[in-house]
Amino acid sequence: MPGQQEVEASVESVVVVDDHNFVLGSVPRGKMREEALCHRATYIFVFNSTGQLYVQERTLNKDIYPGYFDPATGGVVTEGESYDQAAERELAEELGIENVPITSHFHFFFHNDDCQVWGRVYSCYYDGPLTLQEDEVASVVLESPDEVLANRNHRNYTPDSLVALERLVHCLKTF
């Protein structure tokens with residue numbers, strides 16, 4: 001049931017950290033959002049073989065940035081989970097992608113009035129079918145990283161993922 005998943009998501013136990021990414025403990029997701037507590041999250045940029053990103057349109061029931069477009073697949077790290085485990089779980093949950101090599105790139109800190117998060121950025125390549133998690137992903141569009149970054153003032157993208165994408169693009173161009 002859709003309502004049941006929302007209730008479960010609000011009480012799932014999320015890892016909270018300090019400004020230096022040291023674990024302080026865990027709290028229910030609802031409390032983390034309500035108090036804008038610093039937490040951990042994963043950002044997986046999924047590219048197809050032509051270099052386009054699978055950009056998710058978030059559903060309107062998301063607890064942060066509903067209806068926005070997100071160039072990264074990912075989400076919060078839950079209690080007892082590593083960044084790597086969370087990345088694999090989120091990729092499978094949101095897009096139905098499993099058993100693909102995922103490359104870890106870097107950690108970054110993001111904060112604004114709505115959110116403060118230590119994120120770990122990953123990327124992978126995938127050209128197969130997608131199975132969208134209907135409670136979280138309304139649709140998927142393909143856009144190049146340059147298109148996403150050029151469109152930032154014409155489409156609502158999640159701000160934390162934009163910061164991660166800018167840094168990833170810069171890192172990939174320096175190699």
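1. A residue is called buried here when its relative accessible area is under 20%, exposed when that area is over 50%, and partly exposed in between. With that cut-off in hand, strand 8 (residues 116-125) makes a good place to start: seven of its ten residues are buried, so the strand is largely enclosed by the rest of the structure. Please keep in mind as you read on that this is a predicted model.

2. Who are the neighbours of strand 8? On one hand there is strand 3 (residues 39-47), which runs parallel to strand 8 and is joined to it by nine bridges. If you would like a pair to click on, take Ile44, whose bridge partner in strand 8 is Tyr122. There is also strand 7 (residues 103-111), antiparallel to strand 8 and joined to it by eight bridges. Here Phe108 is the residue to find, standing opposite Gly119 of strand 8. The link between strand 7 and strand 8 is a hairpin with four residues.

3. A second hairpin sits earlier in the chain. Strand 1 (residues 13-17) and strand 2 (residues 23-28) run antiparallel, with five bridges between them. Val16 faces Gly25 of strand 2 across this pairing. Five residues lie between the two strands, and in this hairpin Asn21 has a positive phi near 70°. That backbone angle is a nice detail to look up in your viewer.

4. Stepping back to the whole chain, you will count five helices and nine strands. Read from the N terminus, their order is α-β-β-α-β-β-β-β-α-β-β-β-α-α. The radius of gyration is 15 Å, close to the 16 Å that the globule rule gives for 175 residues, so the chain is as compact as a globular protein of that length. Along the principal axes, the C-alpha atoms fill a box of roughly 40 × 40 × 35 Å.

5. How much of the chain is buried? Of the 175 residues, 45% are. Among contacts with a separation of 6 or more, 62% are between residues 24 or more positions apart.

6. Now for the surface and the charges. The accessible surface of the chain is about 9,000 Å², and carbon and sulfur atoms account for 50% of that. The chain carries 12 positive and 29 negative charges, and the mean positions of the two sets are 5 Å apart.

7. Val76 deserves a closer look. This residue belongs to strand 6 (residues 73-76). Is Val76 buried or exposed? Its relative accessibility is 3%, which is under the 20% limit, so Val76 counts as buried. Beyond its neighbours within four places in sequence, the residues in contact with Val76 include Val14, Met32, His39, Ala41 and Ala86, as well as the charged Arg29, Arg89 and Glu90. Ala86 is ten residues from Val76 along the chain, and their C-alpha atoms are separated by 7.4 Å.

8. Glu166 makes a useful companion example. You will find this residue in helix 5 (residues 159-173). With a relative accessible area of 35%, Glu166 is partly exposed. Setting aside neighbours within four places in sequence, Glu166 is in contact with Leu149 and Arg152. Leu149 is 17 residues away from Glu166 in sequence, with 7.5 Å between their C-alpha atoms.

How values were computed:
Residues are numbered from 1 along each chain as its sequence is written. This is a predicted model: local features need pLDDT of at least 70, side-chain atom pairs count only at pLDDT 80 or more; totals for chains, interfaces and linings use all residues. Side-chain values use heavy atoms; hydrogens and water are left out. Two strands pair if DSSP finds at least two bridges between them. The radius of gyration is taken over C-alpha atoms; the globule rule is 2.2 Å times the number of residues to the power 0.38. Buried means under 20% relative accessible area, exposed over 50%, partly exposed in between (1.4 Å probe, protein chains only). Contact means heavy atoms within 4.5 Å. Accessible areas come from the Shrake-Rupley method with a 1.4 Å probe; for residues, only the protein chains shown count as cover. The place of a charge is taken as NZ of Lys, CZ of Arg, CG of Asp or CD of Glu.
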